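Take a look at the sequence and the structure below. The paragraphs after them cover burial, cysteines and contacts with DNA.

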Amino acid sequence: MPELPEVEVVRGGLVDHVVGRRIAAAAITGTRVARRHEAGPLDLAARLTDATVLSADRRGKYLWLVIQTPDDDPHALVVHLGMSGQLLVEEAGAPREKHLHAAFDFDDDGPQLRFVDQRTFGGLALTELVPDRWPGSTHTHGVPVPVEHIGPDPLEPAYDQPAVVRALKRRHTAIKRALLDQGLVSGVGNIYADEALWRAQVNPLRETSALTKPALGRVLDHATEVMREALGQGGTSFDALYVNINGASGYFDRSLHAYGREGQPCNRCGTPIRREAFMNRSSHYCPRCQPRPRVRRAITDLSRR
DNA sequence: AACCGGCCCTGACTGC
DNA sequence: TGCAGTCAGGGCCGGT
């Protein structure tokens, strides 16, 4: 499941293998992959033809190629990998993958760029670039319109952790839901949210406004740290012609303390890790190190009156 | 306005 | 063996 570290690995692959090349032909299969491109798949393919890739950029889990056509301003080809999306760099003659949705040929006759996605939660869209509203932004071409509402991720200079802590203090929602809200801080998905909360010893259901600012800071510090560690390991595991999202699989095996460990002993205290349904997902936590919040007194009192 | 739940999608797995 | 049901979850959308 691509979260920030996996998407960053893919971005690095695009920098190495795609940036600087000119698209000669784009083939989009079906309509679902381009559902966020309002003008449809044929328009998307047509407008990418003869476009030169200027850069590969990322914020959180959003990835985009800045492309330049001869008679237009730079635009963004936004790529979201969703749950199962992959970008592959392969020879044009390579067998078609079962869930191949898009293929790009380049005018240097080098390898193709392909978008493969089994579950098509991901997709492609060509959008305008707008100035980034966050101070300290390093996105020199701006950000795509669909990324405007996405908060900076912890690995970019525009990330302002004290500001995020202040925003969390004003929220009245569970800390895990807040971590998964990409508008506040981006890049954290279900796996790293569970890991960060385990490391910080905070229950996923704790109210953000009820946590102290130092505790909120610790949660964010751990989220940042766990993603940095995953990136450090994931970045070593793809070869030259294969830009893969699965760089973190080895990391999962060795380093996860909470996610996917239901019933196994907590690595701090030995208590079996518990899994609970939350937001149509699962939360994994140690019931001893991360005790459930007490009854929400204010809400309970109100309901009794 | 903030918050929350439902939905999309397909392959792997489980239980009868 | 086959088949129905469940699970995985990022992001968007609509209801409260």
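A residue counts as buried when its relative accessible area is under 20%, as exposed when that area is over 50%, and as partly exposed in between. The model discussed here is predicted. Cysteine 286 has a relative accessibility of 0%, so this residue counts as buried. Cysteine 269, at 28%, counts as partly exposed.

These two cysteines also raise the matter of disulfides. A disulfide is a covalent bond that joins the sulfur atoms of two cysteines. Here a pair of cysteine sulfur atoms has to lie within 2.5 Å to be counted, and the number of disulfides found by this rule is zero. For cysteine 269, the nearest cysteine sulfur is that of cysteine 286, 3.6 Å away, and cysteine 269 is in no disulfide. Cysteine 286 is likewise in no disulfide, its nearest cysteine sulfur being that of cysteine 269.

The next subject is the DNA. How many residues surround DNA strand C? There are 17, and the closest are His80, Phe121, Tyr259, Arg275 and Arg281. Sorted by class, the surface near the strand consists of five nonpolar, seven polar and five charged residues.

On the DNA side, 58% of the strand C atoms within 4 Å of the protein belong to sugar or phosphate, and the rest belong to bases. Several side chains have a polar atom beside a phosphate oxygen of DNA strand C. For tyrosine 259, an N or O atom of the side chain is 2.5 Å from such an oxygen. The corresponding distance for asparagine 190 is 3.0 Å, and a polar side-chain atom of histidine 149 lies 3.5 Å from a phosphate oxygen of the strand.

Terms used:
Residues numbered from 1 in each chain as written. Chains lettered and ligands numbered in written order. Predicted model: local features only at pLDDT ≥ 70, side-chain atom pairs only at ≥ 80, totals over all residues. Heavy atoms only, no water. Near = heavy atom within 4 Å. Polar contact = N/O pair within 3.5 Å; in protein donor to acceptor, adjacent residues only side chain to side chain. Nonpolar A, V, L, I, M, F, W, Y, C, P; charged D, E, K, R; others polar. Buried < 20%, exposed > 50% of the residue type's maximum accessible area, 1.4 Å probe, protein only.
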